[in-house]
Amino acid sequence: MCSNNNKTGVSAVLTSPLSPSSVLQQYECAICKAIYKSKAGLTRHKNIVKKYNERREDLYTLPSEAITEFKAHLVHVIQNKLKGHFSKSGRQTISFPCLESLFFGVFEGYIHHYNYRSGSYKCFFQGSDAYTKISNLFGNPNWRRKFFENT
């Protein structure tokens, strides 16, 4: 450290350059891509997400037939909302009103956000294994392909 006191009252402080360990490190959630300043912040986020995927006691458990039927209906709605042209590819958001017990029955384990005020859930499917996850979730191995009906 060097200090220079002269008549103008200006002083200069010299410090060594930043070492690589002192550079701000960021932690990213692999699912929603949220960035946290500390590992503790990311851990807190993961614990909150884990709680979103725990079934509440007052939430009705539906029979598997109802969930399977809802999945088929949901696949139909998603296929109708997705556009076939390549210029419309990329990130897509699908909103679908349904009973909370139906949504939870289908997406349990994939819920990543819950809004207490509106009562809405969010799931994120992105990354290299997104299609595999959705294929397994809906039981449809052709998820990457859009099949057009002959009319």
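Hi everyone. Let me start with one residue: Val 75 is buried, at a relative accessible area of 12%. Its place in the chain is helix α2. Between the C-alpha atoms of Val 75 and Asn 140 there are 9.2 Å, although these positions lie 65 residues apart along the chain. Please keep in mind that what you see above is a predicted model.

Now let's step back to the whole chain. There are four helices and four strands, and reading along the sequence gives β-β-α-α-α-β-β-α. Of the 151 residues in the chain, 21% are buried. As for contacts with a separation of 6 or more, 46% of them join residues that are 24 or more positions apart.

Back to α2, because its meeting with α3 deserves a moment. Packed helix pairs in general are described by two quantities, the angle between the axes and the distance between them. Here, the axes of α2 and α3 come within 10 Å, and they cross at roughly 85°. With that angle, α2 is roughly perpendicular to α3. Who makes the contact? On the α2 side we have Ala 66, Ile 67, Phe 70, Lys 71 and Leu 74, and on the α3 side Leu 102, Gly 105, Val 106 and Phe 107. Sorted by character, the residues of this contact are seven nonpolar, one polar and one charged.

Just ahead of α2 there is another residue I'd like to show you. Leu 62 sits in the loop between α1, residues 39-52, and α2. Is Leu 62 buried or exposed? Its relative accessibility is 19%, and the cut-off for buried is under 20%, so Leu 62 counts as buried. Leaving out residues up to four places away in sequence, Leu 62 touches Ile 67, Ser 101 and Leu 102. Two of those names, Ile 67 and Leu 102, you have just heard in the contact of α2 with α3. For Leu 62 and Ser 101, 39 residues apart along the chain, the C-alpha atoms are separated by 7.0 Å.

On to helix α4, which spans residues 130-138. Its buried residues are Ala 130, Ile 134, Ser 135, Leu 137 and Phe 138. Why do these five fall on the same side of α4? Around the axis they cover an arc of only 165°, and that places them on one side. The general background is that an α-helix has 3.6 residues a turn, so residues three or four places apart point the same way. And what does that buried set pack against? The partners are α2, residues 64-81, and α3, residues 100-107. After α4 comes Gly 139, with a positive phi near 65°.

Over to the strands for a moment. His 112 is part of strand β3, residues 111-115, and at 7% relative accessibility His 112 counts as buried. Not counting residues up to four places away in sequence, His 112 touches Cys 29, Ile 31, Cys 32, His 45, Val 49, Tyr 52, Lys 122, Cys 123 and Phe 124.

Hearing those cysteines, you may wonder how many disulfides the structure holds. The count is zero. Take Cys 32: the closest cysteine sulfur belongs to Cys 29, at 3.6 Å, which is too far for a bond. Cys 98, for its part, is partly exposed, with a relative accessible area of 30%.

That's my tour, thanks for listening!

Notes
Residues numbered from 1 in each chain as written. Predicted model: local features only at pLDDT ≥ 70, side-chain atom pairs only at ≥ 80, totals over all residues. Heavy atoms only, no water. Buried < 20%, exposed > 50% of the residue type's maximum accessible area, 1.4 Å probe, protein only. Helix = DSSP H or I, 4+ residues; strand = E, 2+ residues; numbered from the N terminus. Arc of directions from axis to C-beta. Contact = heavy atoms within 4.5 Å. Disulfide = S-S within 2.5 Å. Axes fitted to C-alpha atoms, helices over the stretch in contact; angles between N-to-C directions. Parallel < 35°, antiparallel > 145°, perpendicular 65-115°, else oblique. Nonpolar A, V, L, I, M, F, W, Y, C, P; charged D, E, K, R; others polar.
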